[in-house]
Amino acid sequence: GEEHAITAVGLVRPRPGIFVSAVTHVLVVATTVEIALVGVVSGAGHAGSEGGRGGGTAPDGGAASSNPLALQPLPQYALPSDGVAMTAVAGGPGGRIFLGGGDGRLYELTYAGDGGGGAGDGGGASSAAAGLLPPWRAPRRVSKRDLSGGLASLLPSFAASLLSRRRPAPALQVAVDAERGVLYLLTGTGGNGGGSGGSGSASAP
């Protein structure tokens with residue numbers, strides 16, 4: 001389990017061609033110190049994937065069919081929170097992942113394969129080699145970018161907070177309008193009083 005408090009969780013469909021086909025969904029887990037992706041696979045798919053234990057058995061040693069779902073850790077798909085806890089998660093078209101931060105800003109989590117077209121069913125040599133490395137030495141394949149824009153997005157989170165006299169209102173919910181290509185961010189109440197949280201929107205790039 002997680003050693004730190006979990007601040008947001010979301011279940012999304014991953015980008016095609018990044019993971020083995022057995023990974024049908026990705027669990028986005030945000031804690032106070034990091035953001036991590038966890039693969040969700042079926043019991044049968046888990047036994048036959050690169051992350052399986054082989055021999056047609058589930059990780060607990062039983063038959064694969066007895067474990068219809070399993071979680072596959074993805075050490076290369078984790079990054080520090082940089083002092084900003086994510087408080088909302090939403091999936092978008094094409095496997096995009098959007099995050100709402102405790103600083104009231106909107107982020108996108110970008111992720112890629114092994115640099116050779118993605119980690120497909122074949123599992124390239126670089127993927128196999130990376131799998132043999134300890135988690136702290138494997139190359140990171142995920143990053144976070146600020147979609148809120150403005151000067152503050154170019155500064156470290158601690159410096160950006162100094163530009164505002166008001167405590168930022170944390171994000172409560174992120175919603176995606178795929179048809180119109182618009183993201184909606186609902187935030188809570190700021191630190192200097194005011195009414196209930198308002199909603200803002202930003203066009204998806």
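These legends describe close-up views of aromatic rings in a predicted model.

**View 1. Phe-19 and Tyr-77 form an edge-to-face pair.** A search of the whole structure finds two aromatic pairs. A pair of aromatic rings is described by the distance of the centres and the angle of the planes. For Phe-19 and Tyr-77, the centres are 5.1 Å apart and the planes meet at 70°. This pair links distant parts of the chain. Phe-19 is in the loop between β1 (6-12) and β2 (23-31). Tyr-77 belongs to strand β4 (residues 69-80). The two residues are 58 residues apart. Both Phe-19 and Tyr-77 are buried.

**View 2. Phe-19 and Tyr-111 form a stacked pair.** Here the centres lie 6.2 Å apart, with 10° between the planes. This pair also links distant parts of the chain. Tyr-111 is in strand β7 (residues 106-111), 92 residues from Phe-19. Are these two rings buried or exposed? Phe-19 counts as buried because its relative accessibility is 10%, and buried means under 20%. Tyr-111 has 4% relative accessibility, so Tyr-111 counts as buried too.

**View 3. Phe-19, Tyr-77 and Tyr-111 form a cluster.** Ring pairs link these three residues. Phe-19 pairs with Tyr-77, and Phe-19 also pairs with Tyr-111.

**View 4. A charge sits over the ring of Tyr-111.** The charge is the charged end of Arg-15. Its distance from the ring centre is 5.8 Å. Tyr-111 is also the stacked partner of Phe-19.

**View 5. Lys-144 lies over the face of Tyr-107.** How far is Lys-144 from the ring centre? The distance is 5.0 Å.

How values were computed:
Residues are numbered from 1 along each chain as its sequence is written. This is a predicted model: local features need pLDDT of at least 70, side-chain atom pairs count only at pLDDT 80 or more; totals for chains, interfaces and linings use all residues. Side-chain values use heavy atoms; hydrogens and water are left out. Rings of Phe, Tyr and Trp (its six-membered ring) pair if their centres lie within 6.5 Å; planes under 30 degrees apart count as stacked, over 60 as edge-to-face and the rest as tilted. Helices (H or I, at least four residues) and strands (E, at least two) are DSSP runs, numbered from the N terminus. Buried means under 20% relative accessible area, exposed over 50%, partly exposed in between (1.4 Å probe, protein chains only). A charge sits over a ring if NZ of Lys or CZ of Arg is within 6 Å of the ring centre and within 35 degrees of the ring normal.
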